[in-house]
Amino acid sequence: MKSKIPTYLQESEAFQPDIQGMRRSRFSFLDKTIMNSARTVKAVYLQAENATKDNFIHHIHPKVKFISLIYIAVIISLVSNLTAQLLITAFIMLLFLLAQLNIIQVYRKIFFLAFIFGFLVVLPASVNLISPGKIILNLITFNRPYNFWIYHIPQNIGFTHEGLQVVCMMFLRVLNSISFAMFIVFTTSFPAFIKSFKLIGVPDTFLMVISLAYKYIFILSRTIEETYLALKSRLTGNVKNSNLRKIISGRIFFIFKRSISSYENTYYAMVSRGYTGNVKLGLSAAFTAKDFIALVVIIVFGLGILLI
Amino acid sequence: MHIPDGYLSPQTYIPLMGVFVAATAIAVKKVRKDVSARNIPYLGMAAAFSFIIMMFNLPIPGGTTGHAVGSAVIAILLGPWAAMVAVSVALIIQALIFGDGGITAIGANCFNMAVFMPFVAYYTFKLFGARPAAKSRVFIAAFVSGYLSLVMTAVLTAVEFGIQPMIASAPDGKALYCPYDLSIAIPAMAIEHLVLFGIVEGVITAMIVRYFLKNESGLIYAFGKGGKND
């Protein structure tokens, strides 16, 4: 008798758990990657979108914040005085307090990034191999100095005063720039902030692409969570690495297909609302006295820092 | 690969920002010509996809895991000009929202990973003359394009780092920006990308392209018209 079971139900599961395999990876590996990434994206989105608290800093014009971001980022990159960098750190912390943001939660992330990019990466520059100078703490002493190709290894290797200054400077620079960027993000609606890019001549088309991408990212990250849960519910035990690679490649393929479908739906929705291919973003509100005061404060602070 | 603030001097990040802006203006024009009125939602989708692709970690043969920069696979799937816009938008969002890469370094990061890398990857892939029927050749071409483009981008980034002590030091010789000169920056970046990250990028690029090839090869831009918006 001919089977009436649909063919797709007769096919074997593409990703069978491999009980015998020696080289396996735990499926929870995906938890640490896809799910965590999706959650991070969602958390940041919610924090950024909730930037409408009833606080005067949140109501400062996005253009003022955009100008401040560029201005302060350039100041941070120009200043090579540790005291001045520390003053910037204190100023940014004060801004976080004034904005009534959860300073501990935000700075946990900021310090993590600053520790990796501003400390660990430049730590080798604290020794005399990279930063010549007076050794203040000796680490290794060889019998004699060595020369290897274009490299010179001195007899004594240790931390130098100049090297430690370089490390401190880089750490503070990275810390300050990340924290100021985070401050702006957490106190400004991202779409409104993006519109401010017009100030430096970024065309409306490009800004529209950024705005759409921003929305798509959060829609797609939700899709990732859902597809992952659907996948997980069908699998048990361990999965071979080779199968895991296929699964993830498949997820990426699925996301691509979903992206195309989202893009087509968005396009038709835009066409139905009169979109003809030309983009012109609406004008934002005019500056108020508060905005001018905020801008002046930032400019004066920056100039003061440069004079130190 | 994402350069944070503080590593590059204004003498470096300002010209790179200029080059990136000019290249993106050309890219927007090219893509607009290719996909007409649909270009904006299309590029938005592409940017989101390139952002998302950077989130996926894959287990690599040998026991390690890693995530792709994604520029190579995006260039092969969407074409180099669309990849330029997509990856640069993804990088801008990463810098502004997630603190990955500096604000002053946006131009440099976009130049390296959104302008230089997709073109190297795309033309390396095309150089192999891979066709959908030749699956092994497509796999090798995708691997080499991912590997080579990342290694070359790493060397380019190392050069940007390595010239800082030469062009921006204090009068007493103390480094003001990246403290590593070319003799340190190039070997450090090149070796780790030659032996590890390049392989990660290559494997991820090859596996994603192979999956697309197996399931819907028509979605791979590099196979269509030989690159219609070249």
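1. Chain A is built from ten helices and six strands. The structure is a predicted model, and the points below should be read with that in mind.

2. Of the 308 residues in chain A, 33% count as buried. Contacts in this chain often link distant parts of the sequence: among those between residues at least 6 apart, 85% join residues at least 24 apart.

3. The largest nonpolar core contains 157 residues. Those with the most contacts inside this core come from both chains: A:Val209 and A:Ala213 from chain A, and B:Ile76, B:Ala86 and B:Ile93 from chain B. Helix H6 of chain A, residues 161–187, gives the largest share of this core, with 16 residues. At least three residues come from each of two domains of chain A, namely domain 1 (24–51 + 190–277) and domain 2 (53–188 + 284–308).

4. B:Ile93, one of the core residues named above, is a useful place to look at the two chains together. Which residues is B:Ile93 in contact with, leaving aside its neighbours within four places in sequence? In chain A they are A:Ile210, A:Ala213, A:Tyr214 and A:Ile217, and in chain B the partner is B:Phe51. A:Ala213 thus appears both in this list and among the core residues with the most contacts.

5. The contact between the chains takes 66 residues from chain A and 50 residues from chain B. On the chain B side, the elements giving two or more residues are helix H1 (10–35), helix H2 (39–53), strand S1 (57–60), helix H4 (80–98) and helix H8. H2(B) provides the largest share of that side, twelve residues. By type, the residues on the chain B side divide into 38 nonpolar, nine polar and three charged.

6. Helix H8 of chain B, residues 182–216, deserves a separate look. A straight helix of 35 residues would span 51 Å at 1.5 Å a residue, but H8 of chain B spans only 44 Å between its end C-alpha atoms. This helix has a kink of about 55°, centred on B:His193.

7. B:Val200 also lies in helix H8 of chain B. Is B:Val200 buried or exposed? B:Val200 counts as buried because it has 22 C-beta neighbours inside 10 Å, where the cut-off is 20 or more. The C-alpha atoms of B:Val200 and B:Leu77 are separated by 18 Å, and the two residues are 123 residues apart along the chain.

Technical notes: Residues numbered from 1 in each chain as written. Chains lettered and ligands numbered in written order. Predicted model: local features only at pLDDT ≥ 70, side-chain atom pairs only at ≥ 80, totals over all residues. Core = buried A, V, L, I, M, F, W, Y, C linked by C-beta atoms within 7 Å. Buried ≥ 20, exposed ≤ 12 C-beta atoms within 10 Å, placed from the backbone. Helix = DSSP H or I, 4+ residues; strand = E, 2+ residues; numbered from the N terminus. Domains from an automatic or database assignment. Contact = placed C-beta atoms within 7 Å. Expected span 1.5 Å × (residues − 1). Bend = angle between axes of the 7 residues up to and from the residue. Nonpolar A, V, L, I, M, F, W, Y, C, P; charged D, E, K, R; others polar.
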